[in-house]
Number of protein chains: 2
Amino acid sequence: MEPFDVYIIGCGSANPTQKHRPACQILSTRGKLFMVDCGEGTQTRMAQRGLSMQRVGHIFISHAHADHCLGLPGLICTMSLLGRTSQLHIHAPQELETFLQSSIQLFCPNLEFEVLFHAVNTTIHQMVHEDRSIEVWSLPLHHRVPCCGYLFREKEGPRHIRRDIIDMYEIPISQINNIKAGMDWTQDDGTVIPNERLTTPPSPTRSYAYCSDTTPLPKLVPMIQDVDLLFHEATFDAENEIRARQTYHSTTIEAAKIALQAHVGKLCIGHYSSRMRDEKKMLVEAQSIFPNTILSDEGQRISI
Amino acid sequence: MEPFDVYIIGCGSANPTQKHRPACQILSTRGKLFMVDCGEGTQTRMAQRGLSMQRVGHIFISHAHADHCLGLPGLICTMSLLGRTSQLHIHAPQELETFLQSSIQLFCPNLEFEVLFHAVNTTIHQMVHEDRSIEVWSLPLHHRVPCCGYLFREKEGPRHIRRDIIDMYEIPISQINNIKAGMDWTQDDGTVIPNERLTTPPSPTRSYAYCSDTTPLPKLVPMIQDVDLLFHEATFDAENEIRARQTYHSTTIEAAKIALQAHVGKLCIGHYSSRMRDEKKMLVEAQSIFPNTILSDEGQRISI
């Protein structure tokens, strides 16, 4: 099966700590990298992780806070230095466009590739990108500024050919794509061989949702129902619920309740406040509600 | 003696490597930090080094290239998050002002401290800042965009009192500052005690020059004559002289020749190109011209 891996590049919040870096995650699948958020220092940490920035075609930004997007100008300049010619698509709230264009104008005015800015409406749940194998949907969140998460969902692929049966019926190669697409096979004598005999079902589709930064949002639940991996911010532990409300963030318990209600496969928490010293305690709290919870950490790869 | 320490925060060039980070150096003296250049990730590396960003009152930027200034917006946002109220002065080429102001407007519009932008004329050698104990001078450089280095020079302090002699002549405390300033002492009987008998000379003044990015520039020599520490970029080794010319940078040999001609105390080289794999070779090259050369490296502190 093709890899469908999420790399945690940074999982801290605004105030830098010894341990964590500002927000960035990367989904790697079918040779492509999809970046979500791009905090300061992302390009350096990609180099350390051995991830090629030239494989990034689309970047999705949740909101225009410094710790989620200040890595963009440097990343684009370095892509240019390294000779990039292919388009780069940036999906982000409208607020970011002027900053992005003026940064490019000042720091790398002679780009030999196009940077295409796509303003995302953060208030609605809609498909913001698709290619042959994946769909990306916005997830409206509730933060101090316009903000949305992103849901990545594989499209259903073709059915798998049963080579031995195909050979037995001497089906010509020209018909293979039709059969993968679900067609039956009619023999010369008129006998119909049903597709279910010739193929096995497509690989299961996989999905990953990124929800940061946000207050806990019950209306999110149907949009992320049954996703394989949910990253949900848990900036604070349970005892800092008041601070979470004041800053439009979530606690461990709140993130885990969303995961439970949405019946996700796995919950990954992060975007830790610099005030949080005891991540193990945060993990225990979240697991008390949703046992299949893990802590995010820089350098981590989560395979789905 | 008061410390006069230079911290190397980043000494790579534009293309990030596993090893080096973009440009930033910090002079620490008398409880104040003076920052020179502020590449992406500076705030994180200061946290790692245990250097408080709130002690930075003045930042000096050499030129508006991404690897020398993309750390500024994040640094300013975090200063704000941490409750800063004292002014921050940024001395930089005019090109940078719009980027800086628009970044602040987008990412931290409610600053509770003033950010004062001082446009530096990069074509002349002039004093750009002074306080009681230090002067900072611009050093015109030659790069692809307007660019200057900075020279930090301690002011001469007061002469040191010889406590035993002062006591012997029973000189009142009210006269101490006059004597430190160089005055003689006249006894009741009219005898004049010359200041040289009452004091020892002031501590030697110390100086540090930062020259990056630039082609080798002989006209720089008189401006940095006899400085204690010269940081001079050596983006390339000697065999890449042609590439150095094309990109308006210097080689090891060229940096060392400037140091030799200016008769500096110590030369520190850096701003390594990502193409340079063998820094020991670069050191040997520079030392063949100017023996008291060292390599810069992240985390280093050079005490003067």
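In the predicted model, helix α9 (residues 252-262) of chain A lies across β15 (229-233), β16 (266-270) and β17 of the same chain, and its direction is at about 150° to that of β15(A). Helix α10 (residues 279-289) of chain A lies across β16 and β17 of chain A, running at about 165° to β17(A). Strands β16 and β17 of chain A are thus covered by α9(A) and also by α10(A).

The strands beneath these helices belong to an open sheet of seven strands in chain A, ordered β7-β8-β9-β14-β15-β16-β17, with mixed pairing. Its edges are formed by β7 (127-130) and β17 (293-295) of chain A, each of which pairs on one side only. On average, and with direction ignored, neighbouring strands of the sheet are turned by 20° against each other. Within the sheet, β8 (residues 134-140) and β9 (residues 148-154) of chain A run antiparallel and are joined by seven bridges. One of the residue pairs concerned is Pro140(A) with Cys148(A), the latter being the bridge partner in β9(A).

Helix α3 (residues 72-81) of chain A is largely enclosed by the rest of the structure, because nine of its ten residues are buried. The buried residues are Leu72(A), Pro73(A), Gly74(A), Leu75(A), Ile76(A), Cys77(A), Thr78(A), Met79(A) and Ser80(A). Within chain A, the buried residues of α3(A) pack against α1 (42-49), α2 (66-69), β5 (88-92), α4 (96-107) and β6 (115-119); α2 (66-69) of chain B also takes part in this packing. After α3(A) comes Gly83(A), which has a positive phi, near 90°.

The contact between the two chains takes 30 residues from chain A and 30 residues from chain B. On the side of chain B that touches chain A, the elements giving two or more residues are α1 (42-49), α3 (72-81) and α4 (96-107) of chain B. The largest share of this side, six residues, is supplied by α4(B). By residue class, the side of chain B that touches chain A comprises 14 nonpolar, 13 polar and three charged residues.

Chain B is superposed on chain A by a rotation of 179° with 0.0 Å of shift along the axis, at an RMSD of 0.1 Å. This is the relation of a two-fold axis. Both copies use the same surface, as 100% of the contact residues of chain B recur in chain A. Among the residues of chain B, Gly41(B) comes closest to the rotation axis, with its C-alpha at 2.6 Å.

Key. Residues numbered from 1 in each chain as written. Chains lettered and ligands numbered in written order. Predicted model: local features only at pLDDT ≥ 70, side-chain atom pairs only at ≥ 80, totals over all residues. Buried ≥ 20, exposed ≤ 12 C-beta atoms within 10 Å, placed from the backbone. Helix = DSSP H or I, 4+ residues; strand = E, 2+ residues; numbered from the N terminus. Contact = placed C-beta atoms within 7 Å. Pairing = 2+ DSSP bridges. Axes fitted to C-alpha atoms, helices over the stretch in contact; angles between N-to-C directions. Nonpolar A, V, L, I, M, F, W, Y, C, P; charged D, E, K, R; others polar. Least-squares fit on C-alpha atoms with pLDDT ≥ 70 in both.
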